[in-house]
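The following exercises concern the packing of helices and the pairing of aromatic rings. Please attempt each task before reading its solution.

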Amino acid sequence: MFNHPALLWFLPAALLPIVLHLITLYRVRTVELSTFRFLMDSYLKQRRRFKFWEWLIVMLRVLCVALIVMLIARPVLQRFGGLFAGDGRQVVIVVDAGASMSVTSSGRTGLDRAKDAAVGVIDLLADSDTVTLVRAGRQPTLLMQSPAEQAESLRNAILSIEPDATPSDLAAAFDVARDALADTPDTVYVATDANRRSWATLQSRTQDGTTAGPRTVVLDVGPDDAVQNVGLIGEPPRTLRPTVDLPIVLRATVVNGSAGDPVDTAISVIIDDQQVAQAPVTLAPNQRKTLTIPYTPRRAGLLRGRFVLPADAFPSDDQFLFSLNVERRLRTLIVTSRSGNGDNGDTPRVFDAARFITAALRSPLLAGDVRRKSNDGQAERSIAESLAIATVESHALTEDDLRQADTVVLADAPLDADRATMLRRYIENGGGVLALTGPSVTRDVYNDFLIGAAFTPTPDALPRLAQPVGQPDDEASAVAVARGDAEHDVLRAFDTAAGAAFGSARVYRRFHIDLPDASTLARSGDTLLAGATASPATVLLRTSDGKPILIDAPIGRGHLLLAGFGATPRWSNVSLRPQFVPLLLRSVAYLRRPSPASTEPAIRPGDPAIVRLNESWRDATVQATDPTGRATSINTARTAVGREGVLLDTDRSGHYRFVVHRPGASPDDADAEVELGFTVNMAGDGIDLATLDEQAVRAALPNREVVYIRGSATDPTIAAQLSHRHELWKWLIALAFFVIGLEFLLATVRGSEDDAATGPLDNEGDAQPPSRVRSLLTALGWGRFD
């Protein structure tokens, strides 16, 4: 290859010495000698030797002229020029965009060098070549398929490639390229760091014999040495429903992926761009450690957080993202009677049920240090801290009160039909009610309108409050609390079975709760809510005679916890037992009305992100926003409990959010819009940064010609290697001078011998010495030989 190939037209000038040689041949001279026979013998011997010398000198002159012409044309050598020979070829370029391509060496990532290599290939292709550009990620993508003459568009497509949060699938990328072409491509270029996990799928195909294919040029841009990396892995916090002013525990898992020295580092906790905590950590080589960091959110709404490590060679795992969808405090509405705790209100109030319940709900906040340090005490205190308690008399209960409440507690509350029906609708729409009975309870209203017997043609399929039994002042009529369903969420916190935990509790007067048997449920086929099959109630607590006194009855999308005992010592001593506080707190937490919209706080790259809407928000609109700010409208579909929508494009790591808007809501309504966040991080087990060497790469691509080109950060980049042109002018100048010197030497020696043998003779027949002019011409190579 020449920089000025047009000057090669002057190469025929190299024949000029031959032409001049033929033109300037000596004519034979006649010399009169008496002893011709001896001279003839000598002449013949010398003539054969002279012909060899003269043609040797002529060839040196030809070479000298050719070297001068080539020197002016400036020849160059290109190491990989053979890879780009030919026109009209089918070329595939695969750019590895796996997570490991984010590894930084000498200030540049592997993906940056891969882009340079791919652009270098584009620049060296002929305009008539067809390029198929494939991005190899978790899900390979065909970016472009166009002639190489559209180089600018191809470059822009290459430079727009961003790394995934997971290893790439190179085997799938090869399949995408194959499916896009009608014929087998001539050459496949793969710009990769040869990451072990990215190449695993290709290695698995080796045994199947399915890796045969065209010539493959592997452009290895991986780092020189093993990467020393400390990274954050694992899962973000999965607190079910974080609440304002309720402490939560953040867990960060950090691993030292290097096999060298121990590492001293620190994990910073950043929430909404403010550092809220920092924890030092020391890690031995290959050690993994999980740190727990307490945090208390101080406002409701979406909080965007991240764990951060100091930057290293692989910045992609130096931070771990999480989202906290913090809810407002749990608003608990206590509905109580207007006046005393006597039977039917005839006797003066002795005990206030609302006061007992409020004191029980707040008591963990006054607990001592011993109780506070126990696991159960921490859980109860957390629930108590999250509560916002309000009280309303039953006759003043309104729809607005229920709309603002997360949980309702009926504290011996008398209800009329309208308010009992109002509470039932609240439960059907996903709310939860804890009904603690007592002397003021209107049993028929509870049965007909709260439990729902008045709304069904088969009331025997529903639980019912039976007539109260027992005497408050007669301890002989008291019954103990026996075993219930200890696996229920409300009772799961107790160390022993529920019956044993409440072994010292006594109930003096109570409502027995009658439950339908299985055959009745089977016959009725009735519903507690239209469209929902009637479900049997779960018995949490029984009396010693086997009668249920605390049940969990599902009604629609909510739950009714119905207790046959009261909240005051008037009917039982349950409220005086230590178990009453956790029972009450966990009941309130269990009955909390679900959020109108919910989503998982974290998913893996590529997994679908699902947003769930309650039936009451079935007409809401949903919009998703990715980490780049791109918004996508989400369509929802009906499910058994509401509606669901799905966001599928979750390959990019970062913070995402769903914005759910309820149509028709007032702008001043605090519940008109819900913002939910979720995050996408790298795989929970981290990224394997080990790479394959040339031998392993070739083994992964058997039955095909493999050209392996290495260009790490400390070597010239692959793009420079591919396009490098080595100028030969220095060597040509040296060779030209050598040829000129050799020709000068040979011409001088040849000219002297020629003149000595064939020059003019004196009177005695001796040869005369050559003239100065002829000696100069002979030395320059242009004198005649004969």
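**Exercise 1: an oblique helix pair**

In this predicted model, helices H11 and H12 are oblique to each other. Derive this description from the geometry of the pair, and then describe the contact.

*Solution.* Step 1. Helix H11 covers residues 417-428 and helix H12 residues 443-450; their axes are 9 Å apart, at an angle of about 40°.
Step 2. Angles under 35 degrees count as roughly parallel and those from 65 to 115 as roughly perpendicular. The angle of about 40° therefore makes H11 and H12 oblique.
Step 3. The crossing of H11 and H12 is right-handed. H11 contributes Ala417, Ala420, Thr421, Leu423, Arg424 and Ile427 to the contact, while H12 contributes Val445, Phe449 and Leu450.
Step 4. Of these contact residues, seven are nonpolar, one is polar and one is charged.

**Exercise 2: a second helix pair**

Determine how helix H7 is oriented relative to helix H15, and which residues make the contact.

*Solution.* Step 1. H7 (residues 353-362) and H15 (residues 580-590) pack at about 90°, with axes 9 Å apart.
Step 2. H7 is therefore roughly perpendicular to H15.
Step 3. Ile357, Ala360 and Leu361 of H7 meet Phe580, Val581, Leu584, Leu585 and Val588 of H15. The contact comprises eight nonpolar residues, with no polar and no charged ones.

**Exercise 3: an aromatic pair**

Classify the ring pair of Tyr656 and Phe678, and state which parts of the chain it ties together.

*Solution.* Step 1. The ring centres of Tyr656 and Phe678 lie 5.0 Å apart, with 15° between the planes, and the pair is stacked.
Step 2. Tyr656 belongs to strand E36 and Phe678 to strand E37, so the pair ties together parts 22 residues apart in sequence.
Step 3. Both Tyr656 and Phe678 are buried.

Technical notes:
Residues numbered from 1 in each chain as written. Predicted model: local features only at pLDDT ≥ 70, side-chain atom pairs only at ≥ 80, totals over all residues. Heavy atoms only, no water. Axes fitted to C-alpha atoms, helices over the stretch in contact; angles between N-to-C directions. Helix = DSSP H or I, 4+ residues; strand = E, 2+ residues; numbered from the N terminus. Parallel < 35°, antiparallel > 145°, perpendicular 65-115°, else oblique. Left-handed = near helix turned anticlockwise from the far one by under 90°. Contact = heavy atoms within 4.5 Å. Nonpolar A, V, L, I, M, F, W, Y, C, P; charged D, E, K, R; others polar. Phe/Tyr/Trp six-rings, centres within 6.5 Å; stacked < 30°, edge-to-face > 60°. Buried < 20%, exposed > 50% of the residue type's maximum accessible area, 1.4 Å probe, protein only.
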